[in-house]
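With the structure open in your viewer, please follow the stops below in order, selecting the named residues at each one.

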Amino acid sequence: MMEKVQRFGGAMFTPVLLFSFSGIMVALCIIFKNPMLVGSIATEGTAWYSIWSVVESGAWTVFNQMELLFVIGLPIGLAKKASARAVMEAFVVYITCNYFISTMLGFYSGFFGVDFSADPGGASGLKMIAGIKTLDTGIIGAILISAVVVYLHNRFFDKKLPDFLGIYQGSSFVVIISFFVMLPIAFLICLIWPKIQLAISSLQGFLAGAGIFGVWLYTFLERILIPTGLHHFIYAPFAFGPAVVEEGIARYWMTHLQEFARSEQPLKQLFPEGGFALHGNSKIFASPGIAAAFYFTARSENRKKVLTILIPATLTAVLAGITEPLEFTFLFISPPLFAVHSFLAATMAAIMYGFGVVGDIGGGFIDLFVKVWILLFQNHKGMIFTQLVIGLAFTGIYFVVFRYLILKFDIATMGREENTDAVKLYTKKDYKEKERKTSKTEIENVYENQAAVYLEGFGGADNIEKVTNCATRLRITVKNEMLVLEDTIFKEGGAHGVVRNGNAFQVIVGLDVPQVREQFERLLEIEQ
């Protein structure tokens with residue numbers, strides 16, 4: 001069950017990767033359309049203003065079509081076969097279900113307790129999705145329907161029908177079954193979802209009023225659950241769902257960013273819900289402190305090698321907000337260190353919130369600089385300086401605490417091992433010199449090299465049952481876990497660590513995981 005939950009959480013992250021770039025582009029467009037920042041050239045009606053308005057309209061795509069992105073993204077990660085066809089099936093069935101909901105509400109809105117004559121948006125509980133006026137089920141409805149379709153796809157896509165019905169095999173058969181399954185599901189959504197909307201509204205008020213402790217608890221859970229992959233279930237309802245604000249913090253922040261920038265009221269008064277998106281501060285400010293502690297506790301003869309690992313890992317964490325390559329360098333060596341990290345990250349977010357720091361600060365420094373600091377500096381520079389001072393103070397706290405714990409308990413973090421090869425960086429040449437051959441063709445690039453090492457580490461193609469991935473992890477289910485080799489083999493292939501849970505494994509690859517998975521599956525086809 002845990003393995004299925006982890007795969008589900010990882011699949012949800014597929015569309016999430018698109019939001020960072022889109023958010024940056026929306027913020028840049030707002031900046032370039034602001035006369036206070038770029039001058040009279042940005043006045044409404046000028047060619048400059050019109051051009052950036054065109055760019056901005058495209059940048060809003062992922063925010064405006066969030067539900068469709070999750071409908072499409074889930075099958076990519078969860079379909080066991082023909083994932084491209086599963087995407088098409090999920091999209092068609094999701095649109096079909098919304099047509100069912102729209103028509104049911106049109107005829108029986110009184111029975112369901114919905115004012116279907118109201119305009120979509122706001123407190124109406126309605127939304128226009130792909131041109132359909134329907135209930136606003138957000139990403140929850142999108143994920144539910146897509147998950148049902150993926151289940152039906154995995155079960156019935158390969159179903160052999162009699163020859164005279166062959167035209168209805170494959171995707172057609174899945175859509176046919178889903179069509180009839182969606183009728184009762186649409187009815188239940190119409191019946192139940194309006195009541196859930198009322199409950200969500202109450203939950204938003206409770207969480208928004210939870211104050212500093214609520215922010216601390218949210219941030220702690222978001223960090224501590226990273227090793228399990230379940231952290232997706234913590235932040236997704238806040239960032240992209242209605243946990244604290246309608247349509248999620250990410251969209252709400254971008255929609256109201258210009259309003260926030262122009263106001264001289266404290267930002268915490270304008271957007272108190274923004275306290276539930278401060279977890280990015282630990283990525284920006286904690287990572288350098290942790291890296292410095294690793295460097296200064298490493299053996300002197302190993303420090304140059306340690307530095308070659310720490311610099312790219314730390315820059316990835318600080319700039320892009322992807323911390324797993326850094327965090328997993330010490331997680332498997334000393335889980336208590338990761339628990340300390342989670343505690344400090346939550347404490348930093350809570351203190352910042354207590355001093356008035358809020359906003360969509362869930363990513364790295366690039367996101368922070370473009371989406372927060374530039375636009376807010378004129379009227380909210382006090383908050384920005386407060387965030388910077390507290391953040392840098394915690395950089396020092398992280399360094400002192402981690403250095404003390406590493407030395408006090410003699411934790412074997414990178415560079416402290418007697419075997420200097422433990423911090424060796426493996427190159428393409430190293431891979432090609434290995435005698436472990438898992439492909440009948442010559443390995444030609446670094447992604448193939450990694451995939452080849454991992455495939456052998458898992459006991460070869462015959463031992464592989466399922467292959468998926470999330471943002472930074474290659475998720476593998478094997479038939480016999482006893483055939484899986486030790487973690488050092490995977491680290492030789494560039495992995496930052498391996499999570500083991502029975503026959504379910506997660507290889508911490510990094511941001512290259514989509515390319516590695518593609519080569520891994522190609523090698524599987526060759527071997528099989």
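In this predicted model, begin by selecting residues 126-129 and 132-135, which are strands β1 and β2, running antiparallel and joined by four bridges. Within this pairing, I129 stands opposite I132 of β2. The two strands form a hairpin with two residues between them, and in that turn A130 has a positive phi of about 55°.

Next, select F164, L165, I167, Y168, I176, F179, F180 and L183, which together make a nonpolar patch of about 820 Å² on the surface. One of these residues, L165, sits in the loop between α8 (138-156) and α9 (171-208). L165 counts as partly exposed because its relative accessibility is 30%, and that class lies between buried, under 20%, and exposed, over 50%.

For the interior, select F70, L105, F240, W253, F294, L376 and Y398, which touch the most other members of the largest nonpolar core, a set of 123 residues. Helix α18, residues 365-408, gives the most to this core, contributing 14 residues. A second core of 25 residues is separate, and I489, A495, V509 and V516 are among its members. In soluble globular proteins, nonpolar side chains tend to be buried together.

Finally, select C470, which an unreviewed UniProt entry annotates as "active site". Its place is the loop between β3 (464-469) and β4 (473-478). Is C470 buried or exposed? With a relative accessible area of 5%, C470 is buried, because the class takes in residues under 20%.

Note on methods: Residues numbered from 1 in each chain as written. Predicted model: local features only at pLDDT ≥ 70, side-chain atom pairs only at ≥ 80, totals over all residues. Heavy atoms only, no water. Pairing = 2+ DSSP bridges. Patch = residues over 30% accessible without salt bridge, like charges linked within 9 Å, V, L, I, M, F, W, Y side chains within 5 Å. Areas by Shrake-Rupley, 256 points an atom, 1.4 Å probe, with all protein chains shown as cover. Salt bridge = Lys/Arg side-chain N within 4 Å of Asp/Glu carboxyl O. Buried < 20%, exposed > 50% of the residue type's maximum accessible area, 1.4 Å probe, protein only. Core = buried A, V, L, I, M, F, W, Y, C linked by side-chain atoms within 4.5 Å. UniProt positions renumbered as here; feature names shortened; annotations may be inferred.
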